[in-house]
Amino acid sequence: MREIAAKEVTDLVARLCKDANYFLAPDIKSKMEQQRLIERSPLGKEILGTILQNSEIASAELKPMCQDTGMTVVFVTIGQEVHLVGGSLKDAINAGVRKGYTEGYLRKSVVNDPIIRENTGDNTPAVIHYNIVEGDQLQIEVAPKGFGSENKSQLRMLTPSEGVEGVKKYVLQVVSEAGANPCPPIIVGVGIGGTMERCAFLAKKALLRKVGERNTAPHIAEIEEELLEKINKLGIGPAGFGGDTTALAVNIEAEPTHIAGLPVAVNIGCHATRHAAGTL
């Protein structure tokens, strides 16, 4: 059994909240630089350059890349040999969010009730997903999710008879309807299978995969490639002003489901699709 102090978790989460908002992930930055070189639209090329310049300023001055610093989504992978001391894991994570958003001068965007809508003042509570595994390590990935992109995400319970063509048609429909609103070039996370809530989780988790990494199942990887090509042919382009670069990646996660169902969720990430990870 390995003991980890709750304060260590709090400090790690605080740092990750700031890092995710200040620094564009290297894989996203690299892909955007590649797209800028081949983008045929002069305006699209200019916008990609502006996005990259914005990320450079943010990292140099330790300021958020975007004014919407998101609702904090936290993915926790905890080894079953870990014992947290000095407080609960949930409280330690929320204390880290509170600390990170206060110290980092990040906008607080969370309201305490979806109807009453009073701001909590510290961006808590976080949305926390737990995964218990073997071992004695604790890994935390913080993914602040802005709602320009979140509001354009959708879920549909398809029927099995609609099959893979139905899945592809639905993903293209969601992206097309989203248009410029999620701040393209976007990353498209797709969850297929499970139940209603599980496929939504898979779509969110898919956004964390590195740009350019394909699903290990060849038939899923093929769908990812096809959808990315078709999405970029929609012509929405950077910031919605037209061009070849509407999406940087399509990442699909698929799991077993019921014989009578084909759940599909599409979670769209903006051009930053912020996330940062650390291990204790």
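In the predicted model, Ile 140 stands opposite Gly 278 in β10. The two strands concerned, β5 and β10, run antiparallel and are joined by four bridges. Strand β10 spans residues 276-279 and presents two faces: Ala 276 and Gly 278 form the covered face, whereas Ala 277 and Thr 279 form the uncovered one. In a regular strand, side chains alternate between the two faces of the sheet.

Ile 140 also belongs to the largest nonpolar core, which comprises 27 residues. Together with Val 9 and Leu 138, Ile 140 is among the residues with the most contacts inside this core. Two or more core residues are given by each of α1 (6-22), β2 (71-79), β3 (82-85), α4 (89-103) and β5 (138-145). The largest share, eight residues, comes from α1. When neighbours within four places in sequence are left aside, Val 9 is in contact with Leu 138 and Ile 140, and also with Ile 4, Leu 84, Leu 89, Ala 92, Ile 93 and Leu 280. A second core, separate from this one, contains 25 residues, including Tyr 170, Val 190, Leu 228 and Val 264.

Open space in the model was examined next. The largest pocket holds about 310 Å³ of space. Its lining consists of 20 residues, and those closest to the pocket centre are Cys 66, Pro 182, Cys 183, Cys 270 and His 271. Helices α3 (42-61) and α5 (147-150) each contribute at least two residues to this lining. Classified by residue type, the lining of the largest pocket contains 11 nonpolar, seven polar and two charged residues.

The second largest pocket encloses about 250 Å³ of space. Of its 13 lining residues, Met 71, Ser 109, Val 111, Arg 117 and Phe 147 lie nearest the centre. The lining of this second largest pocket divides into five nonpolar, three polar and five charged residues.

Closed space was considered separately. One cavity of 30 Å³ or more is counted, and the largest cavity has a volume of about 110 Å³. Thirteen residues line the largest cavity, with Pro 144, Lys 145, Leu 207, Thr 273 and Arg 274 lying nearest its centre. Strand β5 gives the most to this lining, supplying three residues. By class, the cavity lining has six nonpolar, four polar and three charged residues. Strand β5 thus recurs across these features: β5 pairs with β10, gives two or more residues to the largest nonpolar core and gives the most to the lining of the largest cavity.

Key: Residues are numbered from 1 along each chain as its sequence is written. This is a predicted model: local features need pLDDT of at least 70, side-chain atom pairs count only at pLDDT 80 or more; totals for chains, interfaces and linings use all residues. Side-chain values use heavy atoms; hydrogens and water are left out. A nonpolar core is a set of buried Ala, Val, Leu, Ile, Met, Phe, Trp, Tyr and Cys residues joined through side-chain atoms within 4.5 Å. Buried means under 20% relative accessible area, exposed over 50%, partly exposed in between (1.4 Å probe, protein chains only). Contact means heavy atoms within 4.5 Å. On a 1 Å grid over the protein atoms alone, a cavity is a set of points where a 1.4 Å probe fits but cannot get out, and a pocket is an open set with protein on both sides within 12 Å along at least five of seven lines; lining residues have an atom within 4 Å of a point. Grid points are joined across faces, edges and corners, and a volume is the space filled by probe spheres set on the points. Ala, Val, Leu, Ile, Met, Phe, Trp, Tyr, Cys and Pro count as nonpolar, Asp, Glu, Lys and Arg as charged, and the others, Gly among them, as polar. Two strands pair if DSSP finds at least two bridges between them.
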